[in-house]
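Reader: I am new to this structure, and I would like to learn how to read a few of its features, one after another. Could you show me the model before we begin?

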Amino acid sequence: MNENRILIVHPDSSARTLLASMLQTLAVQLEEAPNDPAAVRRLERGGVDVIVAGVEPEDPDCLELLHYMKRKFPALPVILLFSVGDAERTREARQRGADAVLRFPLPATQLRAAVSQALGEAEPSARTVVGAMTSPSDGRTSNTAPKGSGAVESAHGWTFLNGSAGNPSSMGDSGHLREPLALIGEDESLRQTLELAETIASTRATVLIQGEEGTGKSLMARIIHQRSPRNGAPFVEVRCSEESAGEIDRLLFGERPMLRPAVPGQIERAEGGTLYIDDVASLGPELQAKLLRLLRDGVYEPIGASRPERADVRVILGTRENLEERVARGGFRQDLWYRMSVATLKLPPLRHRGTDLDRLAEHFRFRAAQRNSRTVSGFSSEAMAMMRRYHWPCNIQELEAVVERAVLICRGRLIEPSDLIFSSSPSSNRGSGEFRGDLSHIRPLKEALEEPEKQIILEALKALGWNRQETARVLDINRTTLYKKMKKYGLLVDELAWAN
């Protein structure tokens, strides 16, 4: 990389200095331009290998430099840095040929990863890593690994960087998360979920993570813990669906028998840290009442104890069910639902994540081939088309298993349809046995209608300075309805700030 030259374009001199310092470790030659005309003059002289340009998405002419470069120098990689998130501008920039669109400021390793990718320095499957969340204690994160280094380990679509091989939790014996976690994918709904997770991570608020089996709820909980001030304390996970009610009670709250030594529960083990309770919908009425007391009062009562004990834990809950419907049917406590749903994160299923399927499949292919010393270099177009049509009932964890199995049994350099073994028939999601198109973009009607409603409410809140009374009046709904919808869509950021 010694001969590569990067042109940094940004109107702010301090931002150019910061970007240059972030890229110095790549051993490249760096040049700077304060504006588009200066960048054009420098490009005309030639010799530039990558452009890193900071732009304001609100500026109607923000993509003019990109348009010029792709018309005059179509092979020149361009990385755009947006000062604010803008989904529409991001899509437009990619359509016009931007190699990457990143949010600035950003971790140095994320910028270096994007530049390395643009220069062709990294394996594609190990490069498309976005939305890295780093530990606030040291700010470390990493988005790429040298080819063959084995530094990238993953599980269920979440990439663990520089972690212990074969240990997806990247945890020490005490339950402490040691290494930064990152996320593969560019789906817009996933990005929005991750941005909200970053907002609430530093608070004390209880978090509810909703998502189908295999979408990464446990991993999202770990990321929130690692991004929180509690990241040096234990992270403890309890899976309610795997135990009986009595065992869950003992496991969670512990036991204080009169004639035997006390048995600590997972709440006690998580003291000072984070407790993640998965499949919370499976809790019975008694355990729901005990959980409500923990969330409301910060106390719990072990089995056999004579008095309650105080707990300093941040609780994160996971569910694959629609708890709001369970509440309406009387199958789940309404007061507990209100208490646990102040901050709600929704993880989209794999079939709704568009081209993320291709990125994840390629990542798992590269990783499995490297781990098993196989010379499988990719997928045939027929195999990729078959994977895009499949409905993935177990989501990313199923994709990982299918791809790894295909790598092991593949006899050529490309994975073919005959190498793909699914848990159910690829045609079972249609009922007709034949596919007539790509179903990955089709969503349940109720779910599809939620996103436009959320955007309308969010735009109204922003336009009216987050004044709920005025927003409710403009939207022609009452304040109670607005409050419920804000809670449903995770827009109660002001309450979360107060909770911190």
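Author: Let us begin with a single pair of residues: the bridge partner of L7 is I51, which lies in β3, where strands are DSSP runs of E with at least two residues and helices are runs of H or I with at least four, both numbered from the N terminus. Please keep in mind that this is a predicted model, in which local features need pLDDT of at least 70 and side-chain atom pairs count only at pLDDT 80 or more, while totals for chains, interfaces and linings use all residues. Residues are numbered from 1 along each chain as its sequence is written, and side-chain values use heavy atoms, with hydrogens and water left out.

Reader: How many bridges join β1 to β3, and what is the order of the strands in the sheet?

Author: In general, strands of a sheet pair through backbone hydrogen bonds, either parallel or antiparallel. Here β1 and β3 run parallel and are joined by four bridges, and two strands count as paired if DSSP finds at least two bridges between them. The open sheet has five strands in the order β2-β1-β3-β4-β5, with parallel pairing. Its edge strands, β2 (29–33) and β5 (100–103), each pair on one side only.

Reader: Which residues of helix α3 are buried, and what do they pack against?

Author: Buried means under 20% relative accessible area, exposed means over 50%, and partly exposed lies in between (1.4 Å probe, protein chains only). In α3, which spans residues 64–72, the buried residues are L65, L66, Y68, M69 and K70. These pack against β1 (5–9), α2 (36–44), β3 (50–55), β4 (78–82) and α4 (87–95), a contact being heavy atoms within 4.5 Å.

Reader: How should I read a salt bridge, and which residue pairs with E237?

Author: Side chains of opposite charge can pair when their charged atoms come close. The rule used here asks for a side-chain nitrogen of Lys or Arg within 4 Å of a carboxyl oxygen of Asp or Glu, and by this rule the count comes to 33 salt bridges. E237 forms one with R222, and their closest N and O atoms are 2.7 Å apart. Because E237 lies in strand β11 (residues 235–239) and R222 in helix α7, the pair ties together parts that are 15 residues apart in sequence. E237 counts as buried at 19% relative accessibility, and R222 counts as buried at 10%. R222 and E237 also belong to a network of salt bridges that links them with R239 and D278.
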